[in-house]
Protein chains: 2
Amino acid sequence: MKLPPSASDRPPTSVDVARLAGVSQATVSYVLNDAPGVRISEETRAKVRAAADRLGYAPHASARALKTGRSDLVLCPVPDVALGSLFGIWMREMTERLGERGFRLVLLQGDAQAKGVAAARAWAEWRPAAVLVQEDRLTRAAVRQLHAAGTAAVVAIGPEPSALTPTLVFDDAGIGRAAARHLIERGRRRLAAVVPTEPVLRDFGERRLAGVLTEAAEAGGAAGSGLAVERVDLPFDEGAAAAVAARWAVSPDRPDAVFAYNDEYAVLMLRALQDAGLDVPGDVALVGADDLPWAALLRPRISSVRILGEGAAGDTADWIAGLIRDRERSPAVHRALTRVEIVPRESS
Amino acid sequence: MKLPPSASDRPPTSVDVARLAGVSQATVSYVLNDAPGVRISEETRAKVRAAADRLGYAPHASARALKTGRSDLVLCPVPDVALGSLFGIWMREMTERLGERGFRLVLLQGDAQAKGVAAARAWAEWRPAAVLVQEDRLTRAAVRQLHAAGTAAVVAIGPEPSALTPTLVFDDAGIGRAAARHLIERGRRRLAAVVPTEPVLRDFGERRLAGVLTEAAEAGGAAGSGLAVERVDLPFDEGAAAAVAARWAVSPDRPDAVFAYNDEYAVLMLRALQDAGLDVPGDVALVGADDLPWAALLRPRISSVRILGEGAAGDTADWIAGLIRDRERSPAVHRALTRVEIVPRESS
DNA sequence: CGAGGTTGGTGAAACGTATCACTTATACGT
DNA sequence: ACGTATAAGTGATACGTTTCACCAACCTCG
């Protein structure tokens, strides 16, 4: 393959394409963008496309963003890329669905500490169409900064609707509810819920615990009580888990069921409970969450709450696209990943 | 907090800042960029900065990129965000280190199928300073396309130096070597190495297997042989693993040690081996990799190869920055994550 | 045969920034 | 007092697009 006769060493521009095709630069723009309501003959279109191809022309996104005043970027600053496989699946699908609607989802990470208006200013520099960000990293000033910089949609991600801006609600409480319902149906009455102490996970843990409490309260009213919920704050540490298990081993009113936040904490609790001489599920039932593939391989196989991520991203992408188009006339709340189901196995 | 008296609803520009500060737009640019070799009084600098602050001015990154011809973006198209925690740690550190050098690392995902020149054209649109991408998604035409669009550094990520462009070598073979060395030192002679059949993981698996083979060959020469390595292609499926274990259970020359690719495959093999009546580590030793926290909690606790990610990113960031500055005079190969160590536990 | 519509384009003006080439005012050396 | 050096800053241009306002043919029809 020969190099096209490049007039210079600078990247080819639409002017170069126009020159090669023998048309004006405006025509190139119209053709390559398939501009609606513009009449260009098929013959000319073919010439332009051929010229663009020959030159390996790639439009200058920055020039376009400058001219139009906004980019097709949807920024998503994340605290940590490895937030779990569920997040990865959701992200991949969101990327695809937003792409179909003309947007490009981009992950920023690293500036986990950057919050508020300083972070907002950094995000605003690329004039994104939308910013998707964890609710607790937003302030009123940050939202205003982003809007002032032309960001059409500032979307908070959190467990409940934000007062500041439209919110994408991830229903972590529903995970706790599903776990609790399952355990109660199996006849368990004294539930424990693990809340991780790690910075990022704690907030999710709180919500999952809240779901357990909600479900227990409802079932308690219906089934005539006897229901109790114990909260267990736990770092991912074998010693800490062992201490909890040791306490339970000698306690007459120990929990007969544990919702362990997720499958990783479930294996932590499993080990501790077994080491303390407690049988799972005989003495204590155990439920994790996220349905990680390897959790089904343990002894006993661990029951888990599965979150159904597939297919839901299309609606969310539509919501975000709508928000970008017209923030006023779009619903301020969208719920994602609401479909959860228990996968019962040997541990409960 | 009151809104600054915004003259319009458009985002503030450097001209607005200049007007408010009573200076020219050029001065604003010089001050806010700390331009070297330009003499501006401290008094004026203060005025400009105050005005920018009052207006909530955020520079228009696209306008800057258009003017300067290049952006500070380092694009990293990844097939899947949840590539494992190690990748996450490495990414976070790279983001930080590149940030210190004036670059912004950005993750693109989703277009996993996009390869070659079409993908390159899409990446080139933002005129990134560098593109970091899995080696197998590059072609000669793609590299040329990116360079033609002004990308200073096209970096391949792969197990060995690419012929096309500078390469960031991730030494997966070293992981296999470390596992094999450990097992051989423990007196094992008939090794098996698991290679996942999943699309993304297979390539890594091949490299880890290659490391096992290398180490076995070297040790075989020294220790007087008897060493054998069996390759096990395995999907993450309990039935498939059980079939392998069942075959081994009745085989006189079954492996006495398995390197399971990673900790997840290790638990898959562990379950299958135990179900087949084989003792771990009595009959078969087992080693995983990635040192996931929960793998240490199984029965038996699983030995693992740990990759030391911390601290190595600074050198890599320097290398990439050097590549961007002067591609010709920079080394064409950089090795990352070369420090691995075995974490021996009960399973080996 | 000329008014008016349609087809197929073109010219030129921004968008917000960086930066080169100047300009003005003051200080300095003799 | 004169020329020169320096400090402090300004004016204007160009980067590559999109898009608005035109324009030249050609066709149609009374």
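The following exercises, with worked solutions, treat the cavity, the protein–DNA surfaces, the chain interface and the backbone geometry of a predicted model.

Residues are numbered from 1 along each chain as its sequence is written, while chains are lettered from A and ligands numbered from 1 in the order in which they are written. Local features need pLDDT of at least 70, side-chain atom pairs count only at pLDDT 80 or more, totals for chains, interfaces and linings use all residues, and side-chain values use heavy atoms, with hydrogens and water left out.

**Exercise 1. Characterise the enclosed space in the protein.**

Step 1. Fix the terms. On a 1 Å grid over the protein atoms alone, a cavity is a set of points where a 1.4 Å probe fits but cannot get out, and its lining residues have an atom within 4 Å of a point. Grid points are joined across faces, edges and corners, and a volume is the space filled by probe spheres set on the points.

Step 2. Search the whole structure: 1 cavity of 30 Å³ or more is found. The largest cavity holds about 160 Å³ of space. Its lining comprises 16 residues, of which Leu73(A), Leu75(A), Val106(A), Leu73(B) and Val106(B) are the closest to the centre.

Step 3. Assign the lining to elements, where helices (H or I, at least four residues) and strands (E, at least two) are DSSP runs numbered from the N terminus. Strand S1 (73-78), strand S2 (104-109) and helix H6 (116-124) of chain A, and the elements S1 (73-78), S2 (104-109) and H6 (116-124) of chain B, each supply at least two lining residues.

Step 4. Classify the lining, counting Ala, Val, Leu, Ile, Met, Phe, Trp, Tyr, Cys and Pro as nonpolar, Asp, Glu, Lys and Arg as charged, and the others, Gly among them, as polar. The result is 14 nonpolar, no polar and 2 charged residues.

**Exercise 2. Describe the protein surface near each DNA strand.**

Step 1. Count a residue as near a strand if one of its heavy atoms lies within 4 Å of it. For DNA strand D there are 26 such residues, and Gln25(A), Tyr30(A), Tyr57(A), Thr27(B) and Thr44(B) come nearest. Of the atoms of DNA strand D that come within 4 Å of the protein, 54% belong to sugar and phosphate.

Step 2. List polar contacts to DNA strand D, taken as pairs of N or O atoms within 3.5 Å. Side-chain N or O atoms approach phosphate oxygens at 2.7 Å from Tyr57(A) and at 2.4 Å from Thr44(B). The side chain of Lys67(B) instead places an N or O atom 3.0 Å from a base nitrogen. Helix H2 (25-32) and helix H4 (61-68) of chain A, with H2 (25-32) and H4 (61-68) of chain B, give two or more residues each to this surface.

Step 3. Repeat for DNA strand C. It has 25 residues around it, the nearest being Thr27(A), Ser41(A), Thr44(A), Ser14(B) and Tyr57(B). Sugar and phosphate supply 58% of its atoms that come within 4 Å of the protein. Phosphate oxygens lie 2.5 Å from a side-chain N or O atom of Ser41(A), 2.5 Å from a backbone N or O atom of Ser14(B), and 3.0 Å from a side-chain N or O atom of Asn33(B).

Step 4. Tabulate the residue classes.

| Surface near | Nonpolar | Polar | Charged |
|---|---|---|---|
| DNA strand D | 10 | 12 | 4 |
| DNA strand C | 10 | 11 | 4 |

**Exercise 3. Quantify the interface between chain A and chain B.**

Step 1. With contact meaning heavy atoms within 4.5 Å, 63 residues of chain B touch 63 residues of chain A.

Step 2. Buried area is the accessible area (1.4 Å probe) that two parts lose on being put together, summed over both. The chains bury about 5,800 Å², 57% of it on carbon and sulfur atoms. Trp126(B), Arg271(B) and Leu297(B) supply 13% of the area that chain B buries against chain A, more than any other three residues.

**Exercise 4. Identify unusual backbone geometry.**

Step 1. Recall the reference case: most residues other than glycine have a negative phi, and most peptide bonds are trans.

Step 2. Inspect omega. Arg299(A) and Pro300(A) are joined by a cis peptide bond with omega about -10°; Pro300(A) sits in the loop between strand S9 (285-289) and strand S10 (303-307) of chain A. In chain B, the bond between Arg299(B) and Pro300(B) is cis, with omega about -5°.

Step 3. Inspect phi. Asp34(B), not a glycine, has a positive phi of about 50°, and lies in the loop between H2 and helix H3 (42-55) of chain B.

Notes:
1 Å grid on protein atoms, 1.4 Å probe; cavity = no way out; pocket = protein on both sides within 12 Å on 5 of 7 lines; lining within 4 Å. Polar contact = N/O pair within 3.5 Å; in protein donor to acceptor, adjacent residues only side chain to side chain.
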